Amino acid sequence: MPKDAALTVTDVVVRFGGVTALAGVSLTVPRGEVCGLIGPNGAGKTTLFDCVSRLTRPRSGRIELSGRDLLALPPHRVAELGVARTFQHLGLVPSLSVRDNVMLGAQRAGSGFLASALRLPGVRADERKLRDRADAVLDRLALADIADRPAAGLPYGTLKRIELARALAAEPELLMLDEPASGLSHEEVDELAGVIEDVSADMTVLLVEHHMGMVMRLSDTVVVLDFGRVVATGSPAQVREDPAVLAAYLGTPA
């Protein structure tokens, strides 16, 4: 019996001026699985991420998380429903401590720092919950020993793990990782892949990544985009041998 779908994308179209970034993209990510989304630069991968997280609104199509129509909701509600993502370029606050950066992600279920500043009722208990959640994630990702250090000046590979920790602190139903291995050494890629492998046991993951070794290691299913269209879907082994994938990456006839 097939697993329930966590994320369902149906006939999504995105155009920027005269350029079609997504041309009727459809895909399904089963609950509890890792879906690798690959393709050449400009294939539409990040655009699809932006649609799911409501940074971009499609011209047409439907996007559902556990049956809820995400396009019918205001953008802030998408995060509240359990969608968290990382970005190609780090979005950490350098002056804040590692813990405080992670607590920003944990605010989805809490009143947050603004409420704390206003001294609203119940805030202290809520702050403790945010801190405890952040510390638990930092411990899981072997970052607890630098929790009180500012993010500024830390190694790039460590910053990547902090950004992942911030996304995990939101306790997401769907975790979207946009090129998490970008800029990392081979050793750091292997280490990060092990971390993602561990945390993916607890959630559904949509992974955009150019590092094929990581994609093939982590993914249950791989979806290949080219020029805004899905050209192949299957297991890592199936996709690796697909003529359409070879054509997209190598320019060989499909």
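In this predicted model, the side chains of Glu173 and Arg31 meet in a salt bridge, with N and O 2.9 Å apart. Glu173 sits in the loop between helix 6 (156–168) and strand 7, while Arg31 sits in the loop between strand 2 (19–30) and strand 3 (34–38), so the bridge ties together parts that are 142 residues apart in sequence. Neither end of this pair counts as buried: Glu173 is partly exposed at 25% relative accessibility, and Arg31 is partly exposed at 34%. The general idea behind such pairs is simple: side chains of opposite charge can pair when their charged atoms come close.

How many salt bridges does a search of the whole structure find? The search finds 14. One of them joins Asp198 to Arg140, at 3.2 Å from N to O. This pair also links distant parts of the chain, since Asp198 belongs to helix 7 and Arg140 to helix 5 (residues 123–140), 58 residues apart. Asp198 is partly exposed, at 40% relative accessibility, and Arg140 is partly exposed, at 41%. Salt bridges can also share partners, and in this way Asp50, Arg85 and Asp178 are joined into one network.

Another salt bridge forms between Asp69 and Arg62, whose closest N and O atoms are 3.3 Å apart. Asp69 has a relative accessible area of 21%, so it counts as partly exposed. Arg62, at 37%, is partly exposed as well.

Asp69 leads to Arg68, which lies in strand 5 (residues 68–69). Arg68 is partly exposed, with a relative accessible area of 38%. Leaving aside residues up to four places away in sequence, Arg68 touches Ile63, Leu73, Arg77 and Leu81. Arg68 and Val78 are 10 residues apart along the chain, and their C-alpha atoms are separated by 9.8 Å. Leu81, one of the residues that Arg68 touches, is placed in helix 2 (residues 75–81). Is Leu81 buried or partly exposed? The cut-off for buried is under 20% relative accessible area; Leu81 has 21%, so it is partly exposed. Leu81 and Leu174 are 93 residues apart in sequence, yet their C-alpha atoms are 9.3 Å apart in space.

A charged residue in a different setting is Glu179, found in the loop between strand 7 (174–178) and helix 7 (186–199). Glu179 is buried yet has no salt bridge. Why does Lys45, the nearest side chain of opposite charge, not form one with Glu179? Lys45 is 5.4 Å away, and a salt bridge requires the nitrogen and the carboxyl oxygen to be within 4 Å, so the pair does not qualify. The side chain of Glu179 does make a polar contact with the side chain of His210, at 3.4 Å. Not counting residues up to four places away in sequence, Glu179 touches Gln88, Lys160, Val208, Glu209 and His210.

Glu209 also appears among the contacts of Met214. Again leaving out residues up to four places away in sequence, Met214 touches Pro180, Ala181, Val189, Leu192, Ala193, Ile196 and Glu209. Met214 is part of the largest nonpolar core, which has 47 residues. The residues with the most contacts inside this core are Leu141, Ile162, Leu164, Leu168, Leu175 and Met214. Apart from it lies another core, of 29 residues, including Leu27, Met176, Val223 and Leu225. In soluble globular proteins, nonpolar side chains tend to be buried together.

Burial can also be followed along a single helix. Helix 3 (residues 98–106) is mostly covered, with seven of its nine residues buried. The buried residues of helix 3 are Val98, Arg99, Asn101, Val102, Met103, Gly105 and Ala106.

The chain can now be viewed as a whole. It contains 10 helices and 10 strands. Of its 254 residues, 50% count as buried. The accessible surface of the chain comes to about 12,000 Å², and 52% of that belongs to carbon and sulfur atoms. How much of the contact pattern joins residues at least 24 apart in sequence? Among contacts between residues at least 6 apart, the share is 66%.

Technical notes. Residues numbered from 1 in each chain as written. Predicted model: local features only at pLDDT ≥ 70, side-chain atom pairs only at ≥ 80, totals over all residues. Heavy atoms only, no water. Core = buried A, V, L, I, M, F, W, Y, C linked by side-chain atoms within 4.5 Å. Buried < 20%, exposed > 50% of the residue type's maximum accessible area, 1.4 Å probe, protein only. Contact = heavy atoms within 4.5 Å. Helix = DSSP H or I, 4+ residues; strand = E, 2+ residues; numbered from the N terminus. Areas by Shrake-Rupley, 256 points an atom, 1.4 Å probe, with all protein chains shown as cover. Lys, Arg positive; Asp, Glu negative; His and termini not counted. Polar contact = N/O pair within 3.5 Å; in protein donor to acceptor, adjacent residues only side chain to side chain.
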